[in-house]
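Reader: Hi there! I would love a close look at one part of this structure, the charged pairs and what surrounds them. Could you walk me through it?

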Amino acid sequence: MAALDSFWSEIKQQGAPLVEPISGDDKHVLVTFLWRGGRETKNVGLFSDLLGAAEAPEKNLLVNLPGTNVWFKTYAVRKGGRFAYYLSPNDSLLPYDQRKGKDWDTLQPDPLNPRHFVTHYEQRDKVSSLVELPGAAPVPAWLGARPDVPSGRTEVQHLSSKILGNERRFWVYTPPGYTADGKPYDLLVLFDGGAYARTIPTATIIENLLAAGRIHPLVVLMVDQKNRNIELTCNEAFNEFLVRELMPWVHEHYHVSSNPAETIVGGFSARGLAAAFAALRHPEIFGNVLSLSGYFSWDPREDQAVDEEDLEWEWIIRQFAASPQLPLRFTLTVGLFERFHREKLPDMPTLLQSNRHMRDVLLAKGYPLNYREVPGGHEVYAFELALPDALMSVVGTRARDK
């Protein structure tokens with residue numbers, strides 16, 4: 001018992017997880033997650049998009065060291081990465097998409113790790129823990145608010161949509177010194193706007209970049225979703241709402257450019273897929289696509305009762321391959337750790353594979369493209385880290401006329 005108490009005291013001082021070198025391997029390190037269990041502990045789940053622990057949580061359970069209260073799980077992970085994770089004592093073992101209510105309640109940050117990341121949701125916040133591995137690049141300096149940097153303004157707006165048959169909430173950010181005079185501002189349209197308005201510090205990032213002269217001023221429209229699975233999977237009705245209702249409203253109420261070369265559409269995961277689809281259908285509106293880990297492997301029938309062997313992945317990539325080159329520019333970022341296959345669709349290309357394929361098709365078609373692979377997984381924390389460079393790519397390369 002004294003040895004265990006000494007062990008936990010040492011872990012409390014140095015923090016968890018444990019990160020150790022691998023002899024003869026200069027590319028990976030061993031990462032060991034720990035949990036101090038008790039008599040009530042039946043299992044301890046580990047949830048991390050980096051480790052592919054979402055659809056089959058039973059594959060990522062910590063193991064109890066016999067005769068002790070030590071629960072642990074060790075992985076070999078590539079150096080240079082950052083990622084978030086949850087620990088879940090007495091987990092239900094249900095996949096993410098089947099969880100309801102109390103099945104989420106056991107997911108919590110690691111009590112032995114002081115570094116946290118907060119994801120803000122409508123009903124409550126979710127707090128995860130963060131890992132930074134040896135060789136990780138410095139956290140971008142643009143993420144934290146600075147008292148000496150001027151602030152812009154974010155307004156919540158609503159628009160009743162006849163096309164969608166509902167009222168749509170969205171946020172509009174205007175930069176410091178915004179004015180209705182002079183040259184219209186570039187416009188950035190982001191999908192699943194709550195993530196950009198509440199969790200990812202979008203306004204702070206933009207203001208820091210503006211103060212440093214890395215980008216020129218722009219207005220940001222952050223559009224909320226009613227049903228992500230429908231609206232963000234290449235949905236024609238949602239596109240029509242954008243171009244026939246929302247964009248005219250924005251142009252009427254804000255001093256923004258109607259030039260597609262100065263209009264960007266973007267988002268992460270399925271939001272990146274939706275952005276590419278919006279630009280494909282309406283290049284006269286959206287001339288730039290900003291995608292963070294775009295869900296380009298998607299097939300329209302993947303959630304239907306169709307045999308997997310009949311599915312044809314990467315529908316959006318085939319559309320770009322088959323169409324003539326459009327007046328579009330692309331900024332694509334994807335995580336090097338996005339190598340996991342979905343448990344129920346093992347033949348589906350990983351997001352890293354599909355983004356590389358999208359890159360190759362766009363380059364072969366002659367599209368201007370800025371493409372980056374970063375040491376991260378498929379999670380909001382990684383998207384936050386990637387956003388500053390993506391913004392500098394799409395609005396930092398052209399000087400704004402005064």
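Reader: To start, which residue forms a salt bridge with Arg115, and how far apart are the closest N and O atoms?

Author: Happy to! Please keep in mind that this is a predicted model. The partner of Arg115 is Glu132, and their closest N and O atoms are 3.8 Å apart. Arg115 sits in the loop between α2 (102–105) and β7 (116–120), while Glu132 belongs to strand β8 (residues 125–132), so the salt bridge ties together parts that are 17 residues apart in sequence. Arg115 has a relative accessibility of 32%, so it counts as partly exposed. Glu132 is partly exposed too, at 39%.

This pair is part of a wider set, as a search of the whole structure finds 16 salt bridges. Another one joins Glu240 to Arg244, with 3.5 Å between the closest N and O atoms. Here both residues are in helix α6, and because they are four residues apart, about one helical turn separates them. Glu240 is partly exposed at 24% relative accessibility, whereas Arg244 is exposed, with a relative accessible area of 56%.

Farther along the chain, Arg359 forms a salt bridge with Glu373, and the closest N and O atoms are 4.0 Å apart. This pair links distant parts of the chain, with Arg359 in helix α9 and Glu373 in strand β16 (residues 369–374), 14 residues apart. Arg359 counts as partly exposed at 22% relative accessibility, and so does Glu373 at 27%. Salt bridges with shared partners bring Arg356, Arg359, Asp360 and Glu373 into one network.

Now for a buried polar residue. Ser161 lies in strand β9 (residues 153–161). Its relative accessibility is 3%, so Ser161 counts as buried. The side chain of Ser161 makes a polar contact with the Glu245 side chain at 2.6 Å. Leaving aside neighbours within four places in sequence, Ser161 is in contact with Glu245, Asn166 and Phe241.

Finally, the nonpolar side of the picture. The largest nonpolar core has 54 residues, and among those touching the most other members are Val189, Leu246 and Phe320. Elements giving two or more residues to this core include α6 (236–253) and α9 (351–365), while the largest share, nine residues, comes from α7. Not counting residues up to four places away in sequence, Phe320 touches a group that includes Ala276, Leu280, Met358, Val361 and Leu362.

Notes. Residues are numbered from 1 along each chain as its sequence is written. This is a predicted model: local features need pLDDT of at least 70, side-chain atom pairs count only at pLDDT 80 or more; totals for chains, interfaces and linings use all residues. Side-chain values use heavy atoms; hydrogens and water are left out. Buried means under 20% relative accessible area, exposed over 50%, partly exposed in between (1.4 Å probe, protein chains only). A polar contact is a pair of N or O atoms within 3.5 Å; within protein, one must be able to donate a hydrogen and the other to accept it, and residues adjacent in sequence count only if both atoms are side-chain atoms. Contact means heavy atoms within 4.5 Å. A nonpolar core is a set of buried Ala, Val, Leu, Ile, Met, Phe, Trp, Tyr and Cys residues joined through side-chain atoms within 4.5 Å. A salt bridge is a side-chain nitrogen of Lys or Arg within 4 Å of a carboxyl oxygen of Asp or Glu.
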